[in-house]
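Open your viewer and get ready to click along with this short tour. At each stop you will find out what to select and what is there.

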Amino acid sequence: MDISKAISRAISIIEDKKLTEVSVTDISSCLRASYYASIYGRPPTEKMLIGIDSHAYFARQLSRAISELYGIKCVEEYDVDYGPVKGRADLVCGDNIIIELKFTSIPNESNVFVKAYERQIKYYMAITGIKRGYLVMMSFDFSKYTAKEYVITDSEREQLLREIEERAAILLRAKQLQDPPPKEKDAWCGMCRWKNECFNAKLS
């Protein structure tokens, strides 16, 4: 086996997917920030690495707790697929509950990324057809958390699916044309790692 040839092929597949697929996380966040992350890459920070480790560990323990307490089996990293939109919901419990976990230093409603977090859980609910979900924001040391329940109606689901399609199309077109999508100014701008690139770019 020529491992170099296989690695080159894998890289080629990844590059191709950049222009044909977007993630649920990408379209839940600011589309311009997601565009820059796709173009320039997203080097992990120390907090991101700690969060990934804590996330996987806590997901396993929460899945076990739900099974022990309620006899409900949870599937971790449940694959979600809607056309060009791909994703993995953190936990799908039984056939009627989705749980999304976020590890953060501000595990409450004052977190500037709450809007993106809420959009993400609702998008997972819309794509899967599961009408009940929970967003759990947890501190890195597990000492503080906020859990919020969401329920969507059939009409809300249809509206969310249209929104998913529209946002995915905008981001894919931007990546294919290599032209940043319009800014989505919000509280998160001050925390965005791409704010310099964004505010120095020509206004769309």
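At what angle do helix α5 and α6 pack, and how far apart are their axes? Keep in mind that this is a predicted model, then select residues 114–128 for α5 and 154–177 for α6. The two helices pack at an angle of about 110 degrees, and their axes are 9 Å apart. Angles of 65 to 115 degrees count as roughly perpendicular, so α5 is roughly perpendicular to α6.

Now show the side chains where these helices meet. On the α5 side, pick R119, K122, Y123, A126, I127 and T128. On the α6 side, pick R157, L160, L161, E163, I164 and R167. Colour them by class and you should find six nonpolar, one polar and five charged residues in this contact.

**Into the core**

Next, select V22, I27, V85, I98, I127 and I164. These are the residues with the most contacts inside the largest nonpolar core, a set of 40 residues. You have already met I127 and I164, which also take part in the contact of α5 with α6. Several elements supply at least two residues each to this core: α2 (24–28), α3 (31–40), β3 (85–93), α5, β5 (132–138) and α6. Helix α5 gives the largest share, with nine residues.

Another core lies apart from this one; it has 13 residues, including L91, I97, L101 and M138.

Stay a moment with I98 and display what surrounds it. Leaving out residues up to four places away in sequence, I98 touches A89, L91 and V92, and also I121, Y124, M125 and T128. I130, R132, G133 and Y134 complete its list of contacts.

**The cysteines**

Which two cysteines are joined by a disulfide? Select C74 and C93: their sulfurs are 2.2 Å apart, and a disulfide joins them. A search of the whole structure finds one disulfide. C74 sits in strand β2 and C93 in strand β3, so if you trace the chain you will see the pair linking distant parts of it, 19 residues apart. Both cysteines are buried. Look along the S-S bond as well: its torsion is about 105 degrees, so the disulfide is right-handed.

Then move to C30, which is in no disulfide. Its nearest cysteine sulfur belongs to C198, 6.2 Å away. C30 is buried, with a relative accessible area of 10%. Select C192 too: the closest cysteine sulfur to its own is that of C30, at 6.4 Å, which is too far for a bond.

**Two backbone stops**

Is E77 buried or exposed? Select it in strand β2, residues 74–82. E77 is exposed, with a relative accessible area of 51%. Check its backbone too, since phi of E77 is near 50 degrees, a positive value in a residue other than glycine.

Q178 also has a positive phi, near 55 degrees. Find Q178 in the loop between α6 and α7 (195–200). It is exposed, with a relative accessible area of 62%.

**Last stop**

Finish at S105, in the loop between β4 (97–103) and α5. S105 is partly exposed, with a relative accessible area of 48%. Add S139 to your selection and draw a distance between the C-alpha atoms: the two residues are 34 apart in sequence and 5.5 Å apart in space.

Conventions
Residues numbered from 1 in each chain as written. Predicted model: local features only at pLDDT ≥ 70, side-chain atom pairs only at ≥ 80, totals over all residues. Heavy atoms only, no water. Helix = DSSP H or I, 4+ residues; strand = E, 2+ residues; numbered from the N terminus. Buried < 20%, exposed > 50% of the residue type's maximum accessible area, 1.4 Å probe, protein only. Axes fitted to C-alpha atoms, helices over the stretch in contact; angles between N-to-C directions. Parallel < 35°, antiparallel > 145°, perpendicular 65-115°, else oblique. Contact = heavy atoms within 4.5 Å. Nonpolar A, V, L, I, M, F, W, Y, C, P; charged D, E, K, R; others polar. Core = buried A, V, L, I, M, F, W, Y, C linked by side-chain atoms within 4.5 Å. Disulfide = S-S within 2.5 Å.
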